[in-house]
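User: I'm new to this and keep tripping over the terms people use for packed helices and for holes in a protein. Could we go through some of them on a real example?

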Amino acid sequence: MDDGTRPAAEPPWVTPPPDGPPLERLRPVFAVYEVTREDDRLIYYGVARADGTTVLEELWPVFRECGYELELEQRAGGHALVAEPSSVGIDGVPWTNLLLFVLTVLSTLFAGSMWYHIDPFTNPTEIWRAWPFTAAIIGVLGVHEMGHYVMSRYHQVDASLPYFIPVPTLIGTMGAVIKMNGRMPDRRALFDIGVAGPLAGLVATVAIAIVGLHLPPVQAPQSVIDHPDAVQIQLGYPPLLELLALAFDQQLYYEGGAHVNPVVVGAWVGLFVTFLNLIPVGQLDGGHILRAMAGEYQPLIAALVPGALFGLAAYLYTVGDAGINAVVIWAIWGVFTAVLATAGPVRPVRDESLGPGRFLLGILTFALGVLCFAPVPVEVVV
């Protein structure tokens with residue numbers, strides 16, 4: 001707050017930098033008495049005439065117009081506006097993204113070959129035949145993350161291209177992420193960026209599911225069926241996949257060593273990822289959406305989520321007939337969401353309420369997320 005120790009207007013020796021905002025635009029909430037440069041950053045020393053939240057809410061858009069991200073800091077016993085250049089877009093060739101993408105293609109081909117009953121160790125040159133599985137996995141994950149990326153660009157929020165994560169799992173990856181820098185302008189941007197990923201990914205997932213359901217099932221070789229140490233992977237299909245199979249009169253369940261085409265497994269991954277991302281905690285997509293919808297009440301709601309997941313794990317362990325795999329999955333996610341809930345959600349600069357249209361879309365998105373939920377997503381049967 002202004003305590004009278006500094007002048008109400010800028011001293012005559014204060015010269016605003018040509019690439020920064022005019023000082024008179026700062027004056028209502030921040031009185032400047034010195035401006036310096038630190039490398040490519042602009043530092044405005046002065047006196048805040050309002051609380052920190054109000055100062056940032058008023059001045060962040062002003063500096064953003066000039067191409068700067070803004071922070072309010074305590075320096076030398078006073079206040080300082082620290083403006084750092086920001087850029088929205090891609091600088092140079094994203095080599096890291098490309099390398100991870102190629103590695104994920106290889107890891108999903110490796111994992112997919114086993115869904116096609118191709119031994120990747122004895123027949124490594126045959127893993128290319130798993131390309132439909134790889135295309136399905138890369139498709140659902142890539143479209144999901146590009147939904148976030150495109151909407152970030154629309155709202156002028158700096159975001160990276162997707163980083164795919166290659167891991168030797170049943171599906172060959174742990175998903176994909178984008179890295180967001182800078183502040184979130186308002187609740188509308190937070191909502192739009194949060195909801196774009198799940199909705200875009202869900203559209204891609206439904207399309208891939210329809211294609212996969214019309215492809216022929218895969219039959220395990222008799223030698224695999226008769227092997228005494230054979231391991232069977234059983235997927236729990238969420239309601240949305242069951243509804244798609246019913247709507248197109250296609251089969252999901254087979255006997256005698258046959259199973260759905262691996263492209264359907266790719267769609268199952270898309271549904272499972274959609275549900276997990278819509279869990280309303282921290283900086284998951286669901287956390288962004290709920291923070292935009294509920295404002296400061298979001299942490300209270302998010303605090304209930306870990307208990308619900310631990311409760312689900314306990315139920316499956318004590319009452320349900322599921323194996324240990326589902327119990328472990330939800331127990332791990334209980335711990336993970338507890339950590340995310342503690343870290344908290346993104347706080348937008350401008351915190352005005354959403355309009356009714358976005359609020360209703362948020363409710364619909366969470367409802368679609370429920371249709372992607374399977375209490376026992378996967379079981380390994382020995």
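User: How do you know how helix α5 and helix α13 are placed relative to each other?

Analyst: This is a predicted model, so everything here is computed from it. The axes of α5 (residues 187-213) and α13 (residues 356-371) come within 11 Å and cross at roughly 35°. As for the hand, that crossing is left-handed.

User: What makes this a contact between α5 and α13, and which residues take part?

Analyst: Contact means heavy atoms within 4.5 Å. On the α5 side you'll find Arg-188, Phe-191, Asp-192, Val-195, Leu-199 and Leu-202, and they meet Arg-358, Leu-361, Gly-362, Thr-365 and Leu-368 of α13. Sorted by class, that contact has 6 nonpolar, 2 polar and 3 charged residues.

User: Now α3 and α4. Why are they called oblique?

Analyst: Start with the value: α3 (residues 95-115) and α4 pack at an angle of about 130°, and their axes are 8 Å apart. Roughly perpendicular covers 65 to 115 degrees, and roughly antiparallel needs over 145. An angle of about 130° fits neither of those ranges, so α3 and α4 are oblique to each other. Their crossing is right-handed.

User: What kinds of residues make up the contact of α3 with α4?

Analyst: By class there are 9 nonpolar, 4 polar and no charged residues. Among those in α3 are Phe-101, Val-105 and Trp-115, while α4 brings Trp-131, Phe-133, Thr-134, Ile-137 and Ile-138.

User: On to holes. What makes something a cavity here, and how many count?

Analyst: A cavity is a set of points where a 1.4 Å probe fits but cannot get out. With a threshold of 30 Å³ or more, the count is 1 cavity. The largest cavity holds about 30 Å³ of space. Its lining includes Gly-212, Tyr-254 and Val-264, and the lining residues divide into 6 nonpolar, 3 polar and no charged.

User: And why is a pocket called something else?

Analyst: A pocket is an open set of points, whereas a cavity's probe cannot get out, so the two get separate names. The largest pocket has a volume of about 1300 Å³. Of its 44 lining residues, the closest to the centre are Met-174, Gly-175, Leu-276, Asn-277 and Trp-333. Elements giving two or more residues to that lining include α4 (131-154), β6 (173-177) and α12 (324-343).

User: How does the lining of the largest pocket divide by class?

Analyst: It splits into 29 nonpolar, 11 polar and 4 charged residues.

How values were computed
Residues are numbered from 1 along each chain as its sequence is written. This is a predicted model: local features need pLDDT of at least 70, side-chain atom pairs count only at pLDDT 80 or more; totals for chains, interfaces and linings use all residues. Side-chain values use heavy atoms; hydrogens and water are left out. On a 1 Å grid over the protein atoms alone, a cavity is a set of points where a 1.4 Å probe fits but cannot get out, and a pocket is an open set with protein on both sides within 12 Å along at least five of seven lines; lining residues have an atom within 4 Å of a point. Grid points are joined across faces, edges and corners, and a volume is the space filled by probe spheres set on the points. Helices (H or I, at least four residues) and strands (E, at least two) are DSSP runs, numbered from the N terminus. Ala, Val, Leu, Ile, Met, Phe, Trp, Tyr, Cys and Pro count as nonpolar, Asp, Glu, Lys and Arg as charged, and the others, Gly among them, as polar. Axes are lines fitted to C-alpha atoms, for helices over the stretch in contact, and angles run from 0 to 180 degrees between N-to-C directions. Angles under 35 degrees count as roughly parallel, over 145 as roughly antiparallel, 65 to 115 as roughly perpendicular and the rest as oblique. A crossing is left-handed if the near helix is turned anticlockwise from the far one by less than a right angle, and right-handed if clockwise.
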